[in-house]
Amino acid sequence: MRAFFIFLFVAFYTNVSFGQISPSDFQLEHGTYQVGFKQYEKVDATRTYKRVFEWTNKTILRPILISIWYPSTETTSQKTTILSYLEIFKNEHEWEHLPNEQLLNWFPYPINNSHNKAILNNTTKAFVKSNIAKEKFPVIIYAPSYEASSIENFVLCEYLASHGYIVISSPSRGAEIKYFSGGTHKDMEAQARDIEFLLQEVLKFEHADTSKIATMGFSFGGLSNVLAQLRNDYIKAIVSLDGSIRYNYKVLKASPFHDIKKVDVPFIHFAQKDIPETVLKADKIDPKLNYEFEFYDSLVHSDAYKLKFHDLTHSNFSSFGILFRPRDKRQDKSDEKILASYKLVSNYTLQFLNAYLKNDQTSLEFLTNTPEQNGISSNILSKESKKATEKPFTIQDFNDLAAKQHYQNLEASYKKLIQKHPNLELPEWKLNNLGLQLTFNPKTSQQGISIFKFAVYLYPKSANLFDSLAEAYLFLNDKENAIINFKKSLALNPENQNAIDRLKELNK
């Protein structure tokens with residue numbers, strides 16, 4: 001077996017050097033909280049799954065292995081180590097009984113050299129199963145790269161937890177088995193559903209501020225996390241760590257859920273350096289990858305930022321990539337430069353989350369500054385940004401506003417709204433549907449009456465709305481007002497058979 005991995009190394013890594021980075025070399029500026037970490041397993045009872053290496057037709061409920069970092073005040077429990085993180089691979093890759101000495105041979109970075117062996121017992125910032133601090137914290141749902149581990153970016157996850165964020169992740173797995181089917185829409189959908197499972201998990205957390213949730217995706221996870229946002233209003237911001245939303249947007253565009261106008265939350269993308277022309281040619285990479293970004297260019301309703309880090313290649317956006325992945329001698333920078341830029345990625349991520357989840361104006365100013373204004377050389381980082389155009393005010397927005405004011409004074413509110421949103425449309429049929437939905441729910445019947453009164457104010461010649469208002473009164477056994485409004489409906493439409501029949505019944 002060892003000879004097999006040596007063959008792989010010789011065949012695929014002839015143009016490499018080795019990084020010499022240890023966990024202590026990252027030197028991030030951690031926050032005031034200690035960091036707690038735990039891992040546990042849940043199952044998604046809505047999907048089935050097969051364990052590949054059991055060589056059986058047996059299916060099980062889809063296992064969701066959950067890694068979570070969180071702010072803590074304890075320092076008494078045991079610290080995690082690189083080895084304890086790597087041991088998580090055993091469950092995630094269905095090799096629970098693999099001997100530890102085989103870890104560096106077996107998994108995505110099969111480079112069992114002396115440096116990698118030496119750092120296995122290095123401690124990290126996280127304490128195992130320490131108690132969470134007694135506050136409420138914003139939540140980050142991390143989506144790993146292609147078939148990757150939940151803990152591939154543990155350095156960044158620990159850093160965010162130390163600054164008061166709960167970070168939750170699960171491994172990147174295919175729809176039916178742990179392997180992807182080639183980076184297809186099916187794979188993206190499977191990962192997006194895993195993100196949504198984690199979302200439902202954090203909604204139960206006592207210490208999670210569920211009004212402040214963001215997704216953060218690396219590589220392929222940077223497609224899935226956008227899809228999850230399209231389907232979930234809980235997600236208020238998106239972080240893309242050189243996400244495939246830039247390189248493979250066509251996969252998302254093929255989804256029936258794709259609608260660029262519904263990406264209406266702040267978005268930030270961190271991109272790798274331009275790939276040298278010699279590498280483009282040798283690896284048969286489309287040169288457009290260096291400059292095209294259709295998704296970003298198409299965003300309408302998002303405050304959006306794109307930053308290009310001139311000292312980072314794709315793998316450098318993950319902790320494990322920096323620690324274990326061999327360096328490509330054709331384009332990778334020095335360890336010192338990689339670490340300096342990873343520190344900047346971490347800081348910009350924190351500033352973005354603070355600005356949009358914690359409403360921190362200092363962080364927002366940092367984001368809007370040029371890199372030079374923040375003391376960063378343009379040789380290291382370049383940045384573009386754009387502000388969101390105003391999102392159309394919809395009937396959903398109107399109903400949310402109406403609900404907040406208990407469906408009172410709707411006419412006055414509408415007069416103010418139409419000044420701010422002159423293109424506001426509240427279609428008659430949607431108001432009618434909303435009114436009926438509210439009326440037939442005994443808890444909200446009076447609110448349904450309010451909607452219908454407002455609707456006939458907007459559409460005074462609608463026989464159908466007056467008919468529905470009459471039905472609403474009749475549902476509440478208010479026969480007098482029911483008769484009045486059936487008569488108004490009939491006056492507008494003498495052929496309204498429902499009004500004719502109802503009036504006959506009511507006048508008996």
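Which residues are linked in a network of salt bridges? They are Asp44, Arg47, Arg62 and Asp194. Keep in mind that you're looking at a predicted model.

## Salt bridges

Let's start with that network. Inside it, aspartate 44 pairs up with arginine 47, and their closest N and O atoms sit 2.8 Å apart. Both partners are tucked away: aspartate 44 is buried, and arginine 47 is too. Counting through the whole model gives 22 salt bridges.

Another one to find is at the end of α20, the helix that runs over residues 497-506. Here glutamate 505 and arginine 502 bring their side chains together in a salt bridge of 3.6 Å, taken from N to O. The two residues are 3 apart in this helix, which is about one turn. Buried or partly exposed: what is glutamate 505? It's partly exposed, at 47% relative accessible area. Arginine 502 is partly exposed as well, with a value of 26%.

## Helix α6 and its link to α7

Now scroll to α6, residues 185-202. This helix has 18 residues, and from the first C-alpha to the last it reaches 26 Å, close to the 26 Å you'd expect at 1.5 Å a residue. How many of those 18 residues are buried? The count is 14, so α6 is largely enclosed by the rest of the structure.

One residue to pick out in this helix is glutamate 189, which forms a salt bridge with arginine 231; the closest N and O atoms are 2.8 Å apart. Arginine 231 belongs to helix α7 (residues 221-231) and glutamate 189 to α6, so this pair ties together parts that are 42 residues apart in sequence. Glutamate 189 has 19% relative accessibility and counts as buried, because the limit for buried is under 20%. Arginine 231, at 22%, counts as partly exposed.

## Aromatic rings

Arginine 231 has a ring for company, too: it lies over the face of phenylalanine 257, at 4.6 Å from the ring centre. You can spot a similar arrangement with lysine 386, which lies over the face of tyrosine 296 at 4.8 Å from the ring centre.

Rings also pair with each other, and the count here comes to 28 aromatic pairs. Take tyrosine 146 and phenylalanine 180: their ring centres are 4.7 Å apart and their planes are at 70 degrees, so the pair is edge-to-face. Tyrosine 146 is in the loop between β6 (137-143) and α5 (154-162), while phenylalanine 180 is in the loop between β7 (166-169) and α6, so the pair ties together parts 34 residues apart in sequence. Tyrosine 146 is partly exposed, with a relative accessible area of 36%, whereas phenylalanine 180 is buried, at 9%.

There's an aromatic cluster to look for as well. Which residues form it? Phe37, Trp69, Tyr85, Phe89, Phe154, Phe320 and Phe324 do.

## A nonpolar patch on the surface

Finally, turn to the outside of the model. Phe440, Phe475 and Leu476 form a nonpolar patch on the surface, and together they have about 270 Å² of accessible area. Where is leucine 476? You'll find it in the loop between α18 (463-475) and α19 (479-492). With 32% relative accessibility, leucine 476 counts as partly exposed.

Definitions and conventions: Residues are numbered from 1 along each chain as its sequence is written. This is a predicted model: local features need pLDDT of at least 70, side-chain atom pairs count only at pLDDT 80 or more; totals for chains, interfaces and linings use all residues. Side-chain values use heavy atoms; hydrogens and water are left out. Helices (H or I, at least four residues) and strands (E, at least two) are DSSP runs, numbered from the N terminus. The expected span of a helix is 1.5 Å times one less than its number of residues. Buried means under 20% relative accessible area, exposed over 50%, partly exposed in between (1.4 Å probe, protein chains only). Rings of Phe, Tyr and Trp (its six-membered ring) pair if their centres lie within 6.5 Å; planes under 30 degrees apart count as stacked, over 60 as edge-to-face and the rest as tilted. A charge sits over a ring if NZ of Lys or CZ of Arg is within 6 Å of the ring centre and within 35 degrees of the ring normal. Patches are made of residues with over 30% relative accessible area and no salt bridge: like charges are joined within 9 Å, nonpolar side chains (Val, Leu, Ile, Met, Phe, Trp, Tyr) within 5 Å. Accessible areas come from the Shrake-Rupley method with a 1.4 Å probe; for residues, only the protein chains shown count as cover. A salt bridge is a side-chain nitrogen of Lys or Arg within 4 Å of a carboxyl oxygen of Asp or Glu.
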